[in-house]
Amino acid sequence: MIIIVFRISPLRADPGLSTVPITEITAESATSGGVITSNSFCGKLKSKGVCWSTNPTPTIADTFSENGNFNDDYTSFIYNLSSNTTYYVRAYVEDCNGFYYGDELSFTTN
């Protein structure tokens with residue numbers, strides 16, 4: 001009798017990703033990005049960028065930018081914003097286990 005045991009590794013609680021502080025804020029755009037603080041993502045990233053919304057806890061289901069798939073820090077352009085509006089922003093990466101999000105930051109456009 002052969003017994004096969006599969007070990008399913010849980011998703012990491014620490015995504016190893018920080019959202020870059022928001023800069024260059026105008027009435028219609030801003031800049032942010034991500035700093036990858038861990039090399040424990042499974043292989044090469046599938047995608048990375050930032051996502052933003054007028055509601056807290058944005059995901060890629062909201063508006064997002066994409067900055068390639070290399071495992072390095074990145075800068076993202078946040079665009080198509082409305083003036084005098086508060087936005088919430090999070091960096092994201094996608095690897096073979098799914099999406100991970102960085103810390104949430106907020107800013108108000110001019």
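**Figure 1. Pairing of strand 6 with strand 7 and strand 8.** Strand 6 and strand 7 (residues 98–101) are paired in the antiparallel sense through four bridges. The model shown here and in the legends that follow is predicted. Two residues separate strand 6 from strand 7, and the two strands form a hairpin. Within this pairing, Val93 stands opposite Tyr100 in strand 7. Strand 6 also pairs with strand 8 (residues 105–108), again in the antiparallel sense and over four bridges. Here Tyr88 stands opposite Ser106 in strand 8. Strand 6 is mostly covered, with eight of its ten residues buried.

**Figure 2. Pairing of strand 3 with strand 6.** Strand 3 and strand 6 run antiparallel and are joined by seven bridges. One residue pair from this pairing is Gly49 and its bridge partner in strand 6, Tyr92. For orientation, the chain as a whole contains eight strands and zero helices. Its elements therefore read β-β-β-β-β-β-β-β from the N terminus on, each strand being a DSSP run numbered in that direction. Of the 110 residues of the chain, 39% count as buried. Among contacts between residues at least 6 apart in sequence, 63% join residues at least 24 apart.

**Figure 3. The largest nonpolar core.** This core comprises 17 residues, of which Trp52, Ile78, Val89, Val93 and Phe107 touch the most other members. Two or more residues come from each of strand 2 (30–36), strand 3 (47–53), strand 5 (74–78) and strand 6 (86–95). The greatest contribution is that of strand 6, with four residues. In soluble globular proteins, nonpolar side chains tend to be buried together. Residues up to four places away in sequence being left out, the contacts of Val89 include Trp52, Ile78 and Phe107. Val89 also touches Thr19, Ile22, Ser32, Val50, Cys51, Pro58, Asp103, Glu104 and Leu105.

**Figure 4. Surroundings of Glu94 in strand 6.** Glu94 is found in strand 6. The residue is buried yet has no salt bridge. The nearest side chain of opposite charge is that of Lys46, at 4.7 Å; the salt-bridge criterion requires a nitrogen-to-oxygen separation within 4 Å. When neighbours within four places in sequence are left aside, Glu94 is in contact with Leu45, Lys46, Ser47 and Phe99.

**Figure 5. The salt bridge between Lys48 and Asp72.** A search of the whole structure finds one salt bridge. The side chains of Lys48 and Asp72 form this contact, at 2.3 Å from N to O. Because Lys48 lies in strand 3 and Asp72 in the loop between strand 4 and strand 5, the pair ties together parts that are 24 residues apart in sequence. Lys48 counts as buried because its relative accessibility is 2%, whereas Asp72, at 39%, counts as partly exposed. Side chains of opposite charge can pair when their charged atoms come close.

**Figure 6. The open sheet of strands 1, 2 and 5.** Three strands form an open sheet in the order 1-2-5, with antiparallel pairing. Strand 1 (17–19) and strand 5 stand at the edges with a single partner strand each, so one side of each is left without a neighbour in the sheet. From one strand to the next, the twist averages 25 degrees. Strand 1 and strand 2 run antiparallel and are joined by three bridges. Among the bridged residues, Ser18 has Val35 in strand 2 as its partner. Strands of a sheet pair through backbone hydrogen bonds, either parallel or antiparallel.

**Figure 7. Two loop residues, Thr37 and Asn55.** Thr37 lies in the loop between strand 2 and strand 3. With a relative accessibility of 51%, Thr37 counts as exposed. Its contacts, leaving aside neighbours within four places in sequence, are with Gly16, Leu17 and Ser18. Thr37 and Asp72 are 35 residues apart along the chain, and their C-alpha atoms are separated by 9.3 Å. Asn55 belongs to the loop between strand 3 and strand 4 (63–64). At 49% relative accessibility, Asn55 counts as partly exposed. From C-alpha to C-alpha, Asn55 and Tyr88 are 6.5 Å apart in space, with their positions 33 residues apart in sequence given as their separation.

Technical notes: Residues are numbered from 1 along each chain as its sequence is written. This is a predicted model: local features need pLDDT of at least 70, side-chain atom pairs count only at pLDDT 80 or more; totals for chains, interfaces and linings use all residues. Side-chain values use heavy atoms; hydrogens and water are left out. A nonpolar core is a set of buried Ala, Val, Leu, Ile, Met, Phe, Trp, Tyr and Cys residues joined through side-chain atoms within 4.5 Å. Buried means under 20% relative accessible area, exposed over 50%, partly exposed in between (1.4 Å probe, protein chains only). Contact means heavy atoms within 4.5 Å. Lys and Arg count as positive and Asp and Glu as negative; His and the chain ends are not counted. Two strands pair if DSSP finds at least two bridges between them. Axes are lines fitted to C-alpha atoms, for helices over the stretch in contact, and angles run from 0 to 180 degrees between N-to-C directions.
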